[in-house]
Amino acid sequence: MLAAPYLSLVLNQSYSFLSGSSTTGPSTVTSMPSNATSTVATTSVATSSQCSSVVSVKNLAAPDIRNGSADIAYPSDYCALAAYALGLINQDRAANGTGPVTLDYNQAAQQHADSMLFYGYFSHNDTQGYKPYMRYSLLGGRGADFENVAYYYFSVPHFTSTGSVETAIKELEYSMVYNDSSCCSNGHRYNILDSLHNQVSIGVAYNSMTVYFDEEFENNYLNLNFTAAPSSASDAYYVTLKGTSTGSFPSPNSLYVAFDDSPVATTPAQLNSGPHEYDPGTLVGGVVPRGFFGGCGQFSSGTTVCADTWKVTSSAIDIEFPLEPFIKHYGPGVYTLYLITGSSTDSAITSVSVFAPGASG
């Protein structure tokens, strides 16, 4: 999962910072060579039209998430920048034998880029104490979310045109794919090239001196309806996951439940001081289907819940279970539900967060 200290790079009067996957310290990275070429495809008319109908161009304001929404400001050239970034991503994926991703418009990417620019910090976490998958869930995401973030800084005004911002995005994308090993154990690279990802939401926020770039890669294979509602007075969080497939996907074998403490407001100074990484939460057990005779397997540690309903086909899922056993054991906080198709959260097709009593969501 994503976990990294920052990566620093000096380019003329500029600095570039990345945050993603690693367990090592900061390292200098070589910039893109001057003779490198790019064959980035421009967006189609349909994609451009869709983007224009989705985004809202406005002046930057406090983008805090409240009641499932945020005051999100897209730059006036966002659609061009997002198309350019998508082309770079798919160029890198094609060069490494991975199929393309399509552009999604989950607001978590732009919201986080806006937040970093507005408050002046750089981190996967934010001033509200949210991690990436929490923001993704709060803003309507129902797939599984995996974040890369980076920023580019000049000590003098520099980003005065769409082209200058595109150059920064190009440098950052290149570094994440081809100069990521010493900094981040190739975590950014693996995220960009992961074959299970089928969508990406892109955030770009900038002023004349700084560009923040956010990639929210998604494993998004279901039109998912999710509820966590009372089924009885003693069971305040009964989870229902129902949906139809939007394409072929590996069959889920279990559902991991991860726990985070309730989010706590954090200052920009605290965020800038690190750590510059995030994890998927602490695994506290999970949910498994019942066997033929009504029993179910057990996780080697933590709490195991046998699903009341577990119906999974190539075209739909229907999973129901109580979350209350986890809450009784681990208390108030954020419980994130990873529907697993392999053996780790990297293979998840959901990362839905439930804010239990005492958690602010």
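The expected span of a helix is 1.5 Å times one less than its number of residues. I wrote this down before examining the model, which is predicted.

**Entry 1: helix α3**

I applied the definition to α3, which runs over residues 108-119 and has twelve residues. From its first C-alpha to its last, α3 reaches 16 Å, close to the 16 Å expected. I then looked up its surroundings and found that α3 is mostly covered, with ten of its twelve residues buried. Among them are A108, H112, D114, M116 and L117. I noted finally that G120 follows α3 and has a positive phi, near 80°.

**Entry 2: the mixed sheet**

I traced an open sheet of five strands in the order β13-β12-β11-β16-β17, with mixed pairing. Its edge strands are β13 (303-306) and β17, each of which pairs on one side only. The twist from one strand to the next averages 25°. I recalled that strands of a sheet pair through backbone hydrogen bonds, either parallel or antiparallel.

Next I followed individual pairs. β11 (residues 254-260) and β12 (residues 282-288) are antiparallel and share five bridges; within this pair, L255 has V287 as its bridge partner. β11 also pairs with β16 in the antiparallel sense, over seven bridges, and there V257 stands opposite L337. On to β17 (residues 352-355): β16 pairs with it over four bridges, again in the antiparallel sense, and T336 is bridged to S353.

**Entry 3: strand β16**

I asked why β16 can be called largely enclosed by the rest of the structure. Seven of the seven residues of this strand (residues 334-340) are buried, so the description holds. Buried here means under 20% relative accessible area. I also checked the two faces of the strand: V334, T336, Y338 and I340 point one way, while Y335, L337 and L339 point the other way, and all are buried.

**Entry 4: the antiparallel sheet**

I found another open sheet, made of four strands in the order β9-β10-β15-β14, with antiparallel pairing. β9 (222-229) and β14 (309-312) stand at the edges with a single partner strand each, so one side of each is left without a neighbour in the sheet. Neighbouring strands of this sheet are turned by 10° against each other on average, direction ignored.

Which strand does β9 pair with over eight bridges? The partner is β10 (residues 238-245), and the pairing is antiparallel. I recorded one position in this pair: A228 stands opposite V239 of β10.

Methods:
Residues are numbered from 1 along each chain as its sequence is written. This is a predicted model: local features need pLDDT of at least 70, side-chain atom pairs count only at pLDDT 80 or more; totals for chains, interfaces and linings use all residues. Side-chain values use heavy atoms; hydrogens and water are left out. Buried means under 20% relative accessible area, exposed over 50%, partly exposed in between (1.4 Å probe, protein chains only). Two strands pair if DSSP finds at least two bridges between them. Axes are lines fitted to C-alpha atoms, for helices over the stretch in contact, and angles run from 0 to 180 degrees between N-to-C directions.
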